[in-house]
Each structure stands twice: as structure tokens, then as C-alpha cells.
Amino acid sequence: MTDAATVAIAEARPRGMVRVQGRVVAVQVEPSDAPPAFTVRLEDATGRIDAVFMGRRGVPGITPGTRLCLEGRVCESDALPRLYNPRYELLASA
């Protein structure tokens with residue numbers, strides 16, 4: 001990943017590029033009869049953001065409790081901000 005500084009999740013704005021980090025609080029896998037997608041909910045002290053990995057039913061190393069850094073473009077959403085197919089980096093547990 002680039003050396004860009006991370007920002008608080010609360011600072012993520014639609015259509016903006018962000019680099020955020022936090023802890024995975026939930027994962028969701030689409031059923032086998034739906035197109036593959038693996039959704040990760042990341043949380044920091046300021047908020048939550050969803051990362052959707054299209055075409056995948058899992059990402060090795062990403063489970064609830066994992067510390068993660070995500071980088072990508074924020075998409076507009078009715079609920080939480082979302083990143084589709086973001087770059088990711090597994091972080092050491094603190």
C-alpha cells in the first residue's frame with residue numbers, strides 16, 4: 001500500500017479516496033445461489049464502513065476480530081459508506 005496516512009472512518013466521504021483502519025466486527029458471505037460477494041464490516045472509534053469483495057466468498061486471514069487497513073473509493077449508500085474491492089492489508093493485533 002501507499003504511505004498515505006489513514007483517516008478516521010467518520011471522515012470518509014462519498015466518491016472520495018480513503019485509507020482507513022480498524023477491527024473487523026462482522027463478515028457476511030452471499031448464499032451459494034447468489035453471485036459471490038464477501039462483505040466485511042470495519043469499525044474504528046469514530047464509525048463503521050463496509051468493504052465488499054465482489055466475486056469472492058472469502059478472503060484468507062479476514063475474520064471477525066482481525067485488524068485491517070483498507071484503501072479505496074467510497075461509494076454512496078443508504079446505510080454505511082462502502083468500499084468495493086478495496087486494497088487491503090492485514091495488521092498485527094494490538
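**Entry 1: Thr 66**

I began with Thr 66, which lies in the loop between β3 and β4. I note at the outset that the model is predicted. I looked up the accessibility of Thr 66 and found a relative accessible area of 13%, so the residue is buried. I then listed the contacts of Thr 66, leaving aside neighbours within four places in sequence: Gly 22, Arg 23, Val 24, Gly 61 and Leu 90. I also checked the side chain of Thr 66 for polar partners; one of its polar atoms lies 2.9 Å from the backbone oxygen of Thr 63.

**Entry 2: Strand pairing around β1**

I next examined strand β1, which covers residues 17–29. With strand β4 (residues 67–75), β1 pairs in the antiparallel sense, over seven bridges. I looked up the partner of Met 17 in β4 and recorded Arg 73. Strand β1 is also joined to strand β2 (residues 37–44), by six bridges, and these two strands run antiparallel. In this pairing I noted that Val 29 stands opposite Phe 38 of β2.

**Entry 3: Pro 14**

I moved to the segment before β1, where Pro 14 is placed. I asked which residues Pro 14 touches beyond its neighbours within four places in sequence, and I found Val 74 and Glu 76. For Pro 14 and Val 74 I recorded a C-alpha to C-alpha distance of 5.0 Å, against a separation of 60 residues in sequence. Pro 14 has 41% relative accessibility and therefore counts as partly exposed.

**Entry 4: Positive phi angles**

I searched the backbone for positive phi values outside glycine. I keep in mind that most residues other than glycine have a negative phi.

Arg 15 is not a glycine, yet its phi is positive, at about 70°. Arg 15 is found in the segment before β1. I looked up whether Arg 15 is buried or exposed. Its relative accessibility is 56%, so Arg 15 counts as exposed.

Asn 85 also entered my list, with a positive phi near 45°. I located Asn 85 in the loop between β5 (82–84) and β6 (87–91). Asn 85 counts as partly exposed because its relative accessibility is 46%.

**Entry 5: Aromatic pairs**

I asked how many aromatic pairs the structure holds. The count is two. In one of them, Phe 38 and Phe 53 form a tilted pair, with 6.4 Å from centre to centre and 40° between the planes. This pair links distant parts of the chain: Phe 38 belongs to strand β2 and Phe 53 to strand β3 (residues 47–54), 15 residues apart. I checked the burial of Phe 38 and Phe 53, and both are buried.

Phe 53 also pairs with Tyr 88, and I recorded this pair as edge-to-face, with 5.7 Å from centre to centre and 90° between the planes. Phe 53 lies in strand β3 and Tyr 88 in strand β6, so the pair ties together parts that are 35 residues apart in sequence. For accessibility I wrote down 3% relative accessible area for Phe 53, which is therefore buried. Tyr 88, at 32% relative accessibility, counts as partly exposed.

I closed the search by asking which residues make up the aromatic cluster. Phe 38, Phe 53 and Tyr 88 form one cluster. Phe 38 brings the notes back to the β1–β2 pairing, where it stands opposite Val 29.

Conventions. Residues numbered from 1 in each chain as written. Predicted model: local features only at pLDDT ≥ 70, side-chain atom pairs only at ≥ 80, totals over all residues. Heavy atoms only, no water. Pairing = 2+ DSSP bridges. Helix = DSSP H or I, 4+ residues; strand = E, 2+ residues; numbered from the N terminus. Buried < 20%, exposed > 50% of the residue type's maximum accessible area, 1.4 Å probe, protein only. Phe/Tyr/Trp six-rings, centres within 6.5 Å; stacked < 30°, edge-to-face > 60°. Contact = heavy atoms within 4.5 Å. Polar contact = N/O pair within 3.5 Å; in protein donor to acceptor, adjacent residues only side chain to side chain.
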